[in-house]
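Biologist: I'd like to go through this protein with you and ask how each label is earned. Can you put it up on the screen?

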Amino acid sequence: MIHLDRYEQRWLWATGIMLVIFVLAIAVTALVGGIEVPGVSVRVNPATVGTAGPFASPGLRQLGPGRYEAYIRAQIWTFFPNEIHVPQGSTVTFHLTSQDVQHGFYVAGTNIHMMVLPGQVSDLTATFRKAGTFPFWCDEYCGLNHQTMAGRIIVDPAR
Ligand code: CUA
């Protein structure tokens with residue numbers, strides 16, 4: 001049996017307890033906060049993504065009652081489309097790709113926050129339970145007018 005100094009032993013315990021707390025904190029935020037890792041569903045060709053396939057005519061599509069998917073194409077320095085209306089209570093799966101450089105997609109007040117890369121499609125799903133305006137913007141520096149690259153999701157109140 002190795003001899004451990006009393007203080008060393010206490011610090012070992014403190015470190016172990018902190019590790020458990022950190023792992024629990026990650027588990028709780030992931031489960032309670034609905035954190036998802038953006039999936040890479042499809043690879044696309046950034047040169048043709050604007051002229052063929054679902055990103056050539058991006059926008060919102062209804063999949064079923066209360067279920068939607070939104071295709072959004074990012075390019076310097078805008079999103080197509082940059083305004084989307086959904087009814088309150090809708091679950092929306094976002095599919096994004098870039099046709100030029102790396103962009104970001106952050107939707108305020110939701111769990112949507114992901115990188116948008118040329119050549120691949122990033123997906124995340126969110127449910128909009130509250131009516132209102134949810135601004136989104138690019139949060140990866142992408143050049144001269146990066147700060148103007150923004151849009152909004154308008155959640156129309158259920159009647
Ligand atoms: Cu696109 Cu910053």
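Biologist: How many disulfides are there, and how do you know?

Modeller: Keep in mind that this is a predicted model. A disulfide needs a pair of cysteine sulfur atoms within 2.5 Å. By that rule the count is zero disulfides.

Biologist: What about Cys138: why do you call this residue buried?

Modeller: Buried means under 20% relative accessible area. Cys138 comes out at 5%, so it counts as buried. Cys142 is at 9%, so that residue gets the label too.

Biologist: What makes a group of residues a nonpolar core?

Modeller: The members have to be buried residues from a nonpolar list, joined through side-chain atoms within 4.5 Å. The largest such set here has 25 residues. Those with the most contacts inside it are Phe79, Phe94, Leu96, Phe105, Phe128 and Ile153. Several strands supply at least two residues each, including E3 (67-75), E6 (91-98), E9 (120-127) and E11 (150-156). The largest share, four residues, comes from E3.

Biologist: Why would nonpolar side chains gather like that?

Modeller: In soluble globular proteins, nonpolar side chains tend to be buried together.

Biologist: Which residues does Leu96 contact, leaving aside its neighbours within four places in sequence?

Modeller: For a contact, heavy atoms have to be within 4.5 Å. With those neighbours left out, Leu96 is in contact with Phe55, Ile72, Phe79, Phe105, Met114, Val116, Gln120, Val121 and Ser122.

Biologist: Let's move along E6. Why is Thr93 called buried?

Modeller: Thr93 lies in strand E6. Its relative accessibility is 12%, and the cut-off for buried is under 20%, so the label fits. Leaving aside neighbours within four places in sequence, its contacts are Arg67, Tyr68, Glu69, Ala70, Leu124 and Thr125.

Biologist: And His95, buried or exposed?

Modeller: His95 is placed in strand E6. Its relative accessible area is 12%, so it is buried. Not counting residues up to four places away in sequence, His95 touches Phe55, Glu69, Ala70, Tyr71, Ile72, Val121, Ser122 and Asp123.

Biologist: Now the loops. Which peptide bonds are cis?

Modeller: One is the bond from Ile76 to Trp77, with omega near -10°. Trp77 sits in the loop between E3 and strand E4 (78-80). Another cis peptide bond joins Phe80 and Pro81, where omega is about -10°. As background, most peptide bonds are trans.

Biologist: Why is Pro81 called partly exposed?

Modeller: That label covers values between 20% and 50%. Pro81 has 22% relative accessibility, so partly exposed is right. This proline lies in the loop between E4 and E5. Setting aside neighbours within four places in sequence, Pro81 is in contact with Pro58, Gly59, Tyr71, Ile72 and Phe136. Its C-alpha atom is 8.1 Å from that of Gly151, although the two residues are 70 residues apart along the chain.

Biologist: Last stop, the largest pocket. What lines it?

Modeller: About 200 Å³ of space lies in that pocket. Among the residues lining it are Glu36, Asn111, Thr125, Phe128, Arg129 and Lys130. E9 gives the most to the lining, with three residues.

Biologist: How many lining residues are nonpolar, polar and charged?

Modeller: The lining divides into three nonpolar, five polar and three charged residues. Gly109 is one of the lining residues, and glycine counts as polar in this scheme.

Methods. Residues are numbered from 1 along each chain as its sequence is written. This is a predicted model: local features need pLDDT of at least 70, side-chain atom pairs count only at pLDDT 80 or more; totals for chains, interfaces and linings use all residues. Side-chain values use heavy atoms; hydrogens and water are left out. Buried means under 20% relative accessible area, exposed over 50%, partly exposed in between (1.4 Å probe, protein chains only). On a 1 Å grid over the protein atoms alone, a cavity is a set of points where a 1.4 Å probe fits but cannot get out, and a pocket is an open set with protein on both sides within 12 Å along at least five of seven lines; lining residues have an atom within 4 Å of a point. Grid points are joined across faces, edges and corners, and a volume is the space filled by probe spheres set on the points.
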